[in-house]
Structure formats: C-alpha cells, structure tokens
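Open the model in your viewer and keep the selection tool at hand. Each stop below tells you what to select and what is there.

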Amino acid sequence: MKNNHLPDSPFFRFMDVVGDVFLLNLCWLAGCLPVVTAGASTTAAFSVAGKMAAGQEYRVFHDYGTAFRRDFALSTRTWLVMVVLGLLLWFDYQLGLAKSGSLGGILIASASAFGVIWMAALGGGFALLGRFAYRRGRDAMKDGLRLCLARPQAALVWLVFMGTLPVLYGSTPQLFWYLFPLWLLIGGGTAIVLTARLLRPAFVKIEEGQH
C-alpha cells in the first residue's frame with residue numbers, strides 16, 4: 001500500500017513494497033501455522049498479491065483477513081485433498097528409496113515428476129482462487145496447472161522459492177539452516193508476490209474475457 005508520507009522516489013517505493021511483502025509474509029505464516037488452514041492462508045495472500053500486481057488499492061491486513069474468511073471453506077477443502085495427494089507422492093518416493101535397482105529409480109523419478117506437477121498446481125490454483133470465483137477447488141487446480149504451463153516463468157519462481165528448501169533439508173542440511181531464517185522472514189511472501197506479478201498478463205486476459 002502506498003505510503004503518502006514517504007518521498008516519492010524509486011528507493012522509497014521499493015522499500016514500501018518490501019515492507020508490504022514482509023507484512024504479507026507475516027500474515028501468510030501465521031495463517032499456515034495450524035497447517036489445516038494453509039490453503040486458506042495461501043489463497044488470501046494471493047488475493048492481496050493480485051491487487052498489488054494489478055496496481056489496485058489494498059491494505060495488507062484488512063484484505064488478507066477479508067479474503068481468508070471469504071474463501072476459507074473452499075480453500076481448506078481443496079488444500080486437504082491436495083495434502084492427501086502430496087502424502088501419496090511422498091510415500092511413493094520413500095518406497096523408491098527403499099527399493100533397489102530399476103524399480104526404485106522408476107518410483108523416485110515418477111514421484112519427483114508428479115511432485116513438480118503437484119507444486120505447480122498448488123501455486124497456480126491458489127493464485128486463481130485468490131483472484132477469481134470458483135465453485136469447485138479441483139477446477140481451480142486444473143486451471144492452475146494449465147496456467148503454469150502457459151507461464152512457465154511463474155511456475156519456476158514458485159517451485160524455486162517453495163521447493164528448494166525441502167530438497168536442501170534432505171540433501172544439504174547445513175545450507176538449509178543457513179537459508180531458512182531468511183526464507184522465514186520474507187520467502188513465502190516474496191514467492192507469492194512474484195508469482196502473482198508473473199501471472200498478471202494471463203489474469204488480464206481472463207478478466208477481459210469476463211466482461
């Protein structure tokens with residue numbers, strides 16, 4: 001949200017955005033703490049980030065809370081279904097690690113590939129839920145996946161910010177703990193804001209089609 005008390009210069013505009021990203025990240029983290037509400041929190045954060053990307057007026061705390069309450073039921077149901085699918089992929093991956101030979105490699109490769117698809121559907125799907133009205137969460141996830149295929153740079157940003165740390169935790173724990181405090185401070189909010197900005201051209205076409 002633009003602060004009219006600050007000088008209108010590129011530096012202060014940038015710092016204004018950084019402050020809003022920090023506040024949005026704080027809201028998102030707080031909403032994700034119960035885990036079961038992580039879907040509603042992500043949808044609400046994308047709702048605010050969508051307004052930022054569109055250049056609309058917004059108030060981080062107020063608009064986040066409004067979107068959280070408005071989309072809570074659908075976002076939570078969608079999130080719980082995606083969690084179940086994610087756990088199945090994780091079990092598939094663990095089974096691959098336990099197996100030797102080509103079977104183990106196939107299980108690991110398939111779980112990893114579908115894991116990327118799962119992550120992309122989450123990012124694109126919750127971005128859509130935060131900006132547009134859906135009756136069914138699965139439709140938003142399907143559209144979100146197609147959206148990420150059409151805007152691969154947005155999918156890449158989302159995957160890097162949200163998927164790198166879990167990979168590092170399993171492969172390079174020291175680097176994970178080095179980067180984790182920074183990610184905790186602003187990483188989730190940055191991922192959501194950047195993804196929303198990269199998806200904005202696609203959202204403009206959708207909005208034009210609705211009029």
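The tour runs through a predicted model, stop by stop.

**The largest pocket**

Start with the open space. Rolling a probe the size of a water molecule over the atoms shows where empty space is left. The largest pocket has a volume of about 1,600 Å³. Its lining is made of 39 residues; select Trp118, Met119, Met162, Gly163 and Pro166, the closest of them to the centre.

Which helices should you colour next to see the lining of the largest pocket? Choose α1 (10-32), α2 (38-54), α4, α5 (101-131), α7 (152-171) and α8 (173-209), since each supplies at least two lining residues. Helix α7 gives the most, with ten residues. By type, the lining of the largest pocket holds 30 nonpolar residues, nine polar ones and no charged ones.

**Trp28 and the ring cluster**

Now select Trp28 and Trp183. The model has twelve aromatic pairs, and these two residues form one of them: the ring centres are 6.0 Å apart and the planes stand at 75°, over the 60 degrees needed, so the pair is edge-to-face. Trp28 sits in helix α1 and Trp183 in helix α8, 155 residues apart, so the pair links distant parts of the chain. Is Trp28 buried or exposed? Its relative accessibility is 6%, so Trp28 counts as buried.

Add Tyr169, Phe176, Trp177 and Phe180 to the selection. Together with Trp28 and Trp183 they make a cluster linked by ring pairs.

**Thr42**

Move to Thr42 in helix α2. Thr42 has a relative accessible area of 7%, under the 20% cut-off, and is therefore buried. Show what surrounds Thr42: beyond its neighbours within four places in sequence, its contacts are Trp28, Cys32, Phe126 and Trp158. Trp28 is the residue from the ring cluster.

**The cysteines**

Stay with Cys32, one of the contacts of Thr42. Why does Cys32 form no bond to Cys27? The sulfur of Cys27 is the closest cysteine sulfur to that of Cys32, but at 11 Å it is too far for a bond. Cys148 is in no disulfide either, as its nearest cysteine sulfur, in Cys32, is 18 Å away. The count for the model is zero disulfides. Cys32 is buried at 17% relative accessibility, and Cys148 is buried with a relative accessible area of 7%.

**Helix α3**

Select residues 60-70, which form helix α3. Within this helix Val60, Asp63, Tyr64, Gly65, Ala67 and Phe68 are buried. What covers these buried residues? The cover includes α1, α2 and α4.

**Phe91**

Next go to helix α4 (residues 72-98) and select Phe91. Phe91 has 48% relative accessibility, so it counts as partly exposed; the class for exposed begins over 50%. Draw a distance from the C-alpha atom of Phe91 to that of Gly170: the separation is 15 Å, with the two positions 79 residues apart along the chain.

**Thr190**

Finish in helix α8 with Thr190. Thr190 has a relative accessible area of 18%, which is under 20%, so Thr190 is buried. Setting aside neighbours within four places in sequence, Thr190 is in contact with Val21 and Phe161.

Definitions and conventions
Residues are numbered from 1 along each chain as its sequence is written. This is a predicted model: local features need pLDDT of at least 70, side-chain atom pairs count only at pLDDT 80 or more; totals for chains, interfaces and linings use all residues. Side-chain values use heavy atoms; hydrogens and water are left out. Helices (H or I, at least four residues) and strands (E, at least two) are DSSP runs, numbered from the N terminus. Buried means under 20% relative accessible area, exposed over 50%, partly exposed in between (1.4 Å probe, protein chains only). On a 1 Å grid over the protein atoms alone, a cavity is a set of points where a 1.4 Å probe fits but cannot get out, and a pocket is an open set with protein on both sides within 12 Å along at least five of seven lines; lining residues have an atom within 4 Å of a point. Grid points are joined across faces, edges and corners, and a volume is the space filled by probe spheres set on the points. Ala, Val, Leu, Ile, Met, Phe, Trp, Tyr, Cys and Pro count as nonpolar, Asp, Glu, Lys and Arg as charged, and the others, Gly among them, as polar. Contact means heavy atoms within 4.5 Å. A disulfide is a pair of cysteine sulfur atoms within 2.5 Å. Rings of Phe, Tyr and Trp (its six-membered ring) pair if their centres lie within 6.5 Å; planes under 30 degrees apart count as stacked, over 60 as edge-to-face and the rest as tilted.
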